[in-house]
Amino acid sequence: MNLFDCGNKLSVQQLDNFEKKIRQKLPADYRNFMIEHNGGTPSEDLVFDYIDVVVEQENTTDIREFYIFYDSETNNYDDIVYIYKTMTNDKIIPPEMLPIGDDSLGNPFGILLSKGNDYGKIYLMNHEIENSETGYLAMSKVADSFADFITKIYIDI
């Protein structure tokens with residue numbers, strides 16, 4: 001996958017500090033991706049398939065961008081720390097969900113950081129529909145891990 005508009009090179013220490021701040025551990029495959037790229041926009045039109053929990057059928061969406069870790073706190077639309085804080089403070093995602101990117105419709109996708117069997121799974125969150133039981137955005141599982149997610153991405157022809 002080729003990315004442009006990536007953030008500045010990240011250090012392991014910066015990711016360690018972020019993990020301490022959110023009191024969650026990032027999966028190794030996602031940490032490696034961020035150290036290599038620090039987010040960015042795909043240079044090709046990339047898409048992935050998933051089972052949409054809202055309509056209960058297979059659906060496809062694109063990747064507009066992967067969010068970036070900035071050197072200092074910002075309120076940029078692609079700042080992963082700002083987006084995480086905003087979404088958790090607004091209680092539209094649980095604190096153990098880290099948004100890592102979004103599609104061109106504004107639906108974020110993220111990694112579940114809760115301990116247990118769901119740790120590291122990737123979910124697409126529908127920004128227009130909330131789960132009536134939790135009040136959080138409706139979440140459709142996309143992949144069992146970030147590495148699995150990367151294998152499911154393909155070029156839209």
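The following paragraphs describe a small sheet, two helices and two buried aspartates in a predicted model. Residues are numbered from 1 along each chain as its sequence is written, and side-chain values use heavy atoms, with hydrogens and water left out. Because the model is predicted, local features need pLDDT of at least 70 and side-chain atom pairs count only at pLDDT 80 or more, while totals for chains, interfaces and linings use all residues.

A good place to begin is the sheet. Helices (H or I, at least four residues) and strands (E, at least two) are DSSP runs, numbered from the N terminus, and two strands pair if DSSP finds at least two bridges between them. Strands of a sheet pair through backbone hydrogen bonds, either parallel or antiparallel. Here, an open sheet of three strands runs in the order β4-β3-β10, with antiparallel pairing. The edges are taken by β4 (57-62) and β10 (154-155), each with a single partner strand, so one side of each has no neighbour in the sheet. Six bridges link β3 (residues 46-52) to β4. Across this pairing, D49 faces T60 and D52 faces Q57. The hairpin of these two strands has four residues between them, and E56 takes a positive phi near 55° there.

D52, in strand β3, deserves a closer look. This aspartate is buried, where buried means under 20% relative accessible area, exposed over 50% and partly exposed in between (1.4 Å probe, protein chains only). D52 nevertheless has no salt bridge, meaning a side-chain nitrogen of Lys or Arg within 4 Å of a carboxyl oxygen of Asp or Glu. The nearest side chain of opposite charge is K141, 15 Å away; Lys and Arg count as positive and Asp and Glu as negative, with His and the chain ends not counted. The side chains of D52 and N59 do share a polar contact of 3.3 Å. Such a contact is a pair of N or O atoms within 3.5 Å; within protein, one must be able to donate a hydrogen and the other to accept it, and residues adjacent in sequence count only if both atoms are side-chain atoms. The D52 side chain also reaches the backbone nitrogen of V54 at 2.8 Å.

A second aspartate, D103, sits in the loop between β6 (97-102) and β7 (108-112). D103 is buried without a salt bridge, and R64, the nearest side chain of opposite charge, is 6.8 Å away. A polar atom of the D103 side chain lies 2.8 Å from the backbone nitrogen of N107. Beyond residues up to four places away in sequence, D103 is in contact (heavy atoms within 4.5 Å) with T61, D62, R64, F109 and L124.

Now for the helices. In α3 (residues 80-89), I80, V81, I83, Y84, M87 and T88 are buried. Seen down the helix axis, these residues fall within an arc of 165°, so they line one face of α3; the arc is that of the directions from the helix axis to the C-beta atoms. Their cover includes α1 (12-22), α2 (28-36), β6, β7 and β9 (137-143). At the start of α3, a side-chain oxygen of D79 comes within 2.9 Å of the backbone nitrogen of V81, and just after the helix K91 has a positive phi of about 60°.

In α1, the buried residues are L15, F18, E19 and I22. Their arc is within 100°, so they too line one face of their helix. They pack against α2, α3 and β6, whereas the face turned away carries the exposed residues K20 and K21.
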